[in-house]
Amino acid sequence: MDLSTHLPSRLIFLANGLALHAYRLYSSRLGLRSGDWRIISALGYLGPISYNDLVANIRMDRAGISRTVGSLVRRGYVLRHTSRTDRRLSTLSLTEKGVQVDDRIAPTARARDRRLTALLTSDEFTRFDRVLRTLQSEVDKMLQETAPGRGGR
């Protein structure tokens, strides 16, 4: 298989490159570990949010999210509020320290977005956005087909 023409591989390589760039920026500037910025940014935008909803929104591996959230809780960036009625359920939110870091991440993330979108004309961006939404919709269907309890995996 030629990975240079295999669409899923190309998308993964693109996403991995962006993630590596972000990690390099945020680790050197903010002392964040790999994956920390994703959780902090997501909670800054979506939070407070349940753990399950966070997993559904950012589409990362549950175990990886769990490890990262645990580390962020221990390091004082995230609060985990466990339900009194069901200890399996928890809500996550940023601490003041987490909010301060998110406030420092956001301008860099917006600058990266502007740098990439500036490469496209308005028409190209509109078409690209349509293609991404179409692909995301199909990936969502694929995930449903392989969801635990549905015979997939």
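These are my notebook entries on a predicted model of one protein.

**Entry 1: overall layout**

I began with the secondary structure. I found six helices and three strands. Along the sequence they follow the pattern α-α-β-α-α-β-β-α-α. I then looked up the extent of the C-alpha trace, which spans about 50 × 45 × 30 Å along its principal axes. The protein has 153 residues, and buried ones make up 27% of them. I also checked the contacts with a separation of 6 or more. Residues 24 or more positions apart account for 48% of these.

**Entry 2: the strands**

Next I looked at how the strands pair. β2 covers residues 78–82 and runs antiparallel to β3, with five bridges joining the two. I picked out one bridge: His 81 has Thr 91 in β3 as its partner. β1 also pairs with β3 in the antiparallel sense, over two bridges. Here Ile 49 stands opposite Leu 92 of β3. I then asked how many of the five residues of β3 are buried. Four are, so β3 is largely enclosed by the rest of the structure.

**Entry 3: helix α3**

I turned to α3, residues 51–58, and noted that Tyr 51, Leu 54 and Val 55 are buried. Why do they lie on the same side of α3? They cover an arc of only 100° around the axis, which puts them there. The general rule I kept in mind is that an α-helix has 3.6 residues a turn, so residues three or four places apart point the same way. I then looked up what covers the buried residues of α3. The cover includes α2 (36–46), β1 (49–50), α4 (62–74) and β3 (90–94).

I followed Leu 54 further. Leaving out residues up to four places away in sequence, Leu 54 touches Ile 39, Ala 42, Leu 43, Ile 49, Ile 65, Val 69 and Leu 92.

**Entry 4: the core**

Leu 54 came up again in the largest nonpolar core, which has 24 residues. Those with the most contacts inside this core are Tyr 26, Leu 32, Ile 40, Leu 43, Leu 54 and Ile 105. Which elements give two or more residues to the core? They are α1 (7–30), α2, α3, α4, β3 and α5 (96–117).

**Entry 5: rings**

I searched for aromatic pairs and the count came to one. The ring centres of Tyr 26 and Trp 37 are 5.9 Å apart and the planes are at 50°, so the pair is tilted. Tyr 26 lies in α1 and Trp 37 in α2, so the pair ties together parts 11 residues apart in sequence. Are these two buried or exposed? Tyr 26 counts as buried, at 3% relative accessibility. Trp 37 counts as buried too, at 15%.

I also looked for a charge over a ring. Lys 97 lies over the face of Tyr 77, at 4.5 Å from the ring centre.

**Entry 6: backbone details**

Last, I went through the backbone angles. A cis peptide bond joins Gly 47 and Pro 48, with omega about -10°. Pro 48 sits in the loop between α2 and β1.

Arg 59 also made my list. Arg 59 comes just after α3 and lies in the loop between α3 and α4. Its phi is positive, about 50°, although Arg 59 is not a glycine. I checked its exposure as well: Arg 59 is partly exposed, with a relative accessible area of 43%.

Note on methods:
Residues numbered from 1 in each chain as written. Predicted model: local features only at pLDDT ≥ 70, side-chain atom pairs only at ≥ 80, totals over all residues. Heavy atoms only, no water. Buried < 20%, exposed > 50% of the residue type's maximum accessible area, 1.4 Å probe, protein only. Arc of directions from axis to C-beta. Contact = heavy atoms within 4.5 Å. Core = buried A, V, L, I, M, F, W, Y, C linked by side-chain atoms within 4.5 Å. Pairing = 2+ DSSP bridges. Phe/Tyr/Trp six-rings, centres within 6.5 Å; stacked < 30°, edge-to-face > 60°. Lys NZ or Arg CZ within 6 Å of the ring centre and 35° of its normal.
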